There are 2 protein chains.
Amino acid sequence: MGSRPTSAARTPNRLSGTTPLYSAVKQMILDRIANGAWAPGHRVPSENELVAELGLSRMTINRALRELAIEGTLRRVQGLGTFVAEAKSSTGLVEIRAVIDTITERGNRYSASMVINEEERATPDVAEELEIGLAQPVFHTIIVHCENDLPVQLEDRYVNPALAPHYFEQDLTAITPDQFLAQRIGLTEAEHAIDAVLPANWEAKLLGVGRNEPCLLVRRRAFSGKKVATAARLLMPSGRLNIHSRMHIKL
Amino acid sequence: MGSRPTSAARTPNRLSGTTPLYSAVKQMILDRIANGAWAPGHRVPSENELVAELGLSRMTINRALRELAIEGTLRRVQGLGTFVAEAKSSTGLVEIRAVIDTITERGNRYSASMVINEEERATPDVAEELEIGLAQPVFHTIIVHCENDLPVQLEDRYVNPALAPHYFEQDLTAITPDQFLAQRIGLTEAEHAIDAVLPANWEAKLLGVGRNEPCLLVRRRAFSGKKVATAARLLMPSGRLNIHSRMHIKL
DNA sequence: TAGTGGTCTAGACCACTCG
DNA sequence: GAGTGGTCTAGACCACTAA
């Protein structure tokens, strides 16, 4: 960072293959935080101060600080300053992946069988989940997803026909309903809840497990704008399909 | 976006309270993708083309495209161009939060009781999880976390003493071990796996549930650099402490 | 009013990919 | 070589916060 370019004739700021300057600035700040020099809440030098200290343009400094703010390392307040963010307790994000991706990435064979595929009238529960009127028509599919013919997930899904009138025209054993809906409708938001349950009788039968086998239950709702496009219960016998992740901690 | 500023005299680009230009560009691109005009894989106009089309500076266009790339909506390849990313199947991220945050945010009272708090020798299982030698000393704590005195989580944790020699000097019923470790050591990475299990006898007793009550099991390992700082099993009776999230879908 | 971050511009050099 | 994205600069105007 040392070569301070004079105004007119521009000295080359980067040697070939060098890390970008904004990136070096980010790293310098991360280092000062890591070694304890800047504790959480500490006030980071202003953009202008860093411009003077490092001999870089303000846009470069700004990009470094802005990205660190987006990444959660810093907090910025207009008119006030930039501060080291409070330490995040190591709360983690876990990714819920599409079954088919998990299976094919493991090099295994994916198959699915359709159990139910019909238009029904919304019961009170379904109406509430889809946020539509009682007894409105809804599409209902139940699919068993298999890895090498072993059932790994039971998908019980309701779809709002107003948003996906062509839902049934698709071969839903070839493409995941989630994939289809994501492509066909513009899904903008999703909601997840994870729980542990014991399977109902019919669920245990379809999955080929005992009634005392604990299962992961993921309830997922996907939205298109403010409307609920689909609500699904994904039931997975313990041990067959893992939910896991490894991730960096911001600070 | 219409006011194309002439070169010398600068016309004001923003009315007060207007969205930033780079933000408007992002929205425009997102709209074109949403309404199907630009399908996944479609080649987005180059920065220079957008500069000409929209009458903005290249830096502004660049910021819009760069942020959309970071957010996963676009893919950029130097020398080639910018493309609409493939539709993400609606795979979701779920946040695993610190118990204490969840409880206090609900306005309830958090308490904890220490069940075990001692130094032990690593069994084969523990040695493998912590990636240390067999029979090495390890810190072992078992804590029951309660919401309004109702047990909601059983935390069974092993800590690598080499990384956290002062682990026992802390009042671990007042501050979460995860919080302490995040602050004291520099935790850099975390690993999670979620499963559904039935509790063991002693676990069921501590949680005050029946042996047939399915429980969520979160296995978490936190790293400091390449070394495992701590490995924990977090056991949660169904229904008492939910894991959930609502999030935007990138595309 | 002075200082801060938020944004924008016009122009520049570079590394990369392709034909 | 022409075109692409990646980066950097110097200078500018703005909105916000504080004393």
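These are my notebook entries on DNA strand C and on the contact between chain A and chain B in a predicted model.

**Ground rules**

I number residues from 1 along each chain as its sequence is written, and I letter chains from A and number ligands from 1 in the order in which they are written. Since the model is predicted, I kept to its limits: local features need pLDDT of at least 70, side-chain atom pairs count only at pLDDT 80 or more, and totals for chains, interfaces and linings use all residues, while side-chain values use heavy atoms, with hydrogens and water left out.

**Entry: DNA strand C**

I looked up which residues sit around the strand, taking "near" as a heavy atom within 4 Å of it. There are 28 residues around DNA strand C, and A:Arg58, A:Met59, A:Arg76, B:Leu21 and B:Thr60 come nearest. Of the strand's atoms that come within 4 Å of the protein, 67% belong to sugar and phosphate.

Next I went through individual atom pairs. For B:Thr60, I noted a side-chain N or O atom 2.4 Å from a phosphate oxygen of DNA strand C. A:Thr82 also has a side-chain N or O atom by a phosphate oxygen of the strand, at 3.0 Å. With A:Gln78, a polar side-chain atom lies 3.1 Å from a sugar or linking oxygen of the strand.

I then sorted this surface by element (DSSP runs, with helices H or I of at least four residues and strands E of at least two, numbered from the N terminus). Chain A gives two or more residues from each of helix H3 (58-70), strand S2 (74-77) and strand S3 (81-84), and chain B does so from helix H1 (21-34) and helix H3 (58-70). H3(B) has the largest share, four residues.

By class, I find eight nonpolar, 13 polar and seven charged residues on the surface near the strand. Here Ala, Val, Leu, Ile, Met, Phe, Trp, Tyr, Cys and Pro are nonpolar, Asp, Glu, Lys and Arg are charged, and the others, Gly among them, are polar.

**Entry: chain B against chain A**

Counting contact as heavy atoms within 4.5 Å, I get 49 residues of chain B touching 49 residues of chain A.

I looked up salt bridges too (a Lys or Arg side-chain nitrogen within 4 Å of an Asp or Glu carboxyl oxygen). The two chains share two of them. One pairs B:Arg66 with A:Glu67, at 3.8 Å from N to O. On the side of chain B that touches chain A, S8(B) gives the most, with nine residues. That side has 22 nonpolar, 14 polar and 13 charged residues.

Notes: A polar contact is a pair of N or O atoms within 3.5 Å; within protein, one must be able to donate a hydrogen and the other to accept it, and residues adjacent in sequence count only if both atoms are side-chain atoms.
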